[in-house]
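Welcome! Let's look at how two chains meet, and then at how a pair of helices packs.

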Amino acid sequence: MSERPRSQDLTRRRALVAGAAVTATAGLGVQAVTAFAAGQPSSTGTSGHDHGGPESFDEVYLGRRIQGRPALGGHHHGFGYGVFIDGVELHVMRNADGSWISVVSHYEPVPSPLAVARAAVVQLQGAALVPFS
Amino acid sequence: MTVRKNQANLTAEEKRRLVAAFVALKRDGRYDAFVTTHNSFIMGDTDTGERTGHRSPSFLPWHRRFLIEFEQALQSVDSSVALPYWDWTTDRSPRSSLWAPDFLGGTGRSLDGRVMDGPFAAATGNWQITVRVDNRTYLRRELGNGGRELPTRAEVDSVLAMSTYDMAPWNSASDGFRNHLEGWRGVNLHNRVHVWVGGQMATGVSPNDPVFWMHHAYIDRLWAQWQRLHPRSGYLPLRGTPNVVDLDEPMKPWNDVRPADLLDHRTYYTFDTD
């Protein structure tokens, strides 16, 4: 039950789009990382909110921009970590065993925030997230 | 007295009246209030903080109370209806009568997961998804998506055999009956069924799919079966547990009911097998 088998149709579509996404990401790479670094609040300085937490990420997956980064304040149940799809925050949560879920895929834990963002993109099938309150 | 029956044994007339009551609650806005409540607990319950509806000992009494409230709403529309339960160890195929057009309708189409038949299909105009986490307003399903299997009777029995109700740390990492039934550990019963149905059932707004209530009515019945198998085991923890609902503590959002008040389902309803 660890891997998520999909219908053959979706697998083919995903392979095609994933190919395109890899190309796009390669081109975007430097620019995306720079943009992300510039977006970091510099005032956090030595507050050290990264207690061995998950790595930040920023990539295009199946045509959607997915980002993960330490987040400050607010209602983040990802233990100070925020995940975004096309700029809209995805409600995520870390389980006691270190696995992750999101409001889009709530009953099936995956190993990391990157995996939870990718699972959400598959579930969304192109739909936009509604910002949660 | 309310009698909860196996959905497989409902008559055509019972199905028709139940569906009509669902649609009436949807139309007057009461249905969506239940979806909102569920999602706010899903998002608020955390393993290291306050936890009430999920990933905690009160998962079972919380859902029992939630279903009673929903069933009372249905009965305010039609006093003859009761919540049926879906025994997914027996009715384990997308071809089961549960998913026929005269009841819940079937799986979604492959293009976008949209349910195309039955009373809850978007095209009927009776079932718009308004409490949602993305912009899709139609009911979706992916029954058995990716070749997944529903739990078997043997897997259910292995969980019913666990004699301790729940254990510290009283969350998704716990050993014991509650967490194995909920599915965060072990063979995975409740969580896996949500994933098998797919669509909104796999999300925090899972009550958007009417099958939510029939799935939880069966989980609730498994709790009653567990109690009969282990008459000397009771709800835990008993007292003084931070962030967790002890036996005699009131539960949100009702604040006037404790797990202790909900241990005996026969106060509220019986099962066809009782």
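## Where the chains meet

In this predicted model, the contact draws 38 residues from chain B and 27 residues from chain A. Together, chain B and chain A bury about 2,600 Å², with 55% of that area on carbon and sulfur atoms. On the chain B side, Met43(B), Val133(B) and Arg148(B) provide 22% of the area buried against chain A, more than any other three residues.

How many salt bridges does the rule find across the interface of chain B and chain A? There is one. Arg148(B) pairs with Glu108(A) in a salt bridge whose closest N and O atoms are 2.7 Å apart. Arg148(B) thus appears twice in this picture, as one of the three residues named for buried area and as a salt-bridge partner.

## A helix pair in chain B

Now for α6(B) and α7(B). Their axes lie 11 Å apart and make an angle of about 160°. Angles over 145 degrees count as roughly antiparallel, so α6(B) and α7(B) are roughly antiparallel to each other. Their crossing is right-handed.

The table lists the residues through which the two helices meet.

| Helix | Residue range | Residues in the contact |
|---|---|---|
| α6(B) | residues 190-197 | His190(B), Val193(B), His194(B), Val197(B) |
| α7(B) | residues 211-229 | Val211(B), Phe212(B), His215(B), His216(B), Ile219(B) |

Sorted by class, the contact of α6(B) with α7(B) holds five nonpolar and four polar residues, and no charged ones.

Methods:
Residues are numbered from 1 along each chain as its sequence is written. Chains are lettered from A and ligands numbered from 1 in the order in which they are written. This is a predicted model: local features need pLDDT of at least 70, side-chain atom pairs count only at pLDDT 80 or more; totals for chains, interfaces and linings use all residues. Side-chain values use heavy atoms; hydrogens and water are left out. Axes are lines fitted to C-alpha atoms, for helices over the stretch in contact, and angles run from 0 to 180 degrees between N-to-C directions. Helices (H or I, at least four residues) and strands (E, at least two) are DSSP runs, numbered from the N terminus. Angles under 35 degrees count as roughly parallel, over 145 as roughly antiparallel, 65 to 115 as roughly perpendicular and the rest as oblique. A crossing is left-handed if the near helix is turned anticlockwise from the far one by less than a right angle, and right-handed if clockwise. Contact means heavy atoms within 4.5 Å. Ala, Val, Leu, Ile, Met, Phe, Trp, Tyr, Cys and Pro count as nonpolar, Asp, Glu, Lys and Arg as charged, and the others, Gly among them, as polar. Buried area is the accessible area (1.4 Å probe) that two parts lose on being put together, summed over both. A salt bridge is a side-chain nitrogen of Lys or Arg within 4 Å of a carboxyl oxygen of Asp or Glu.
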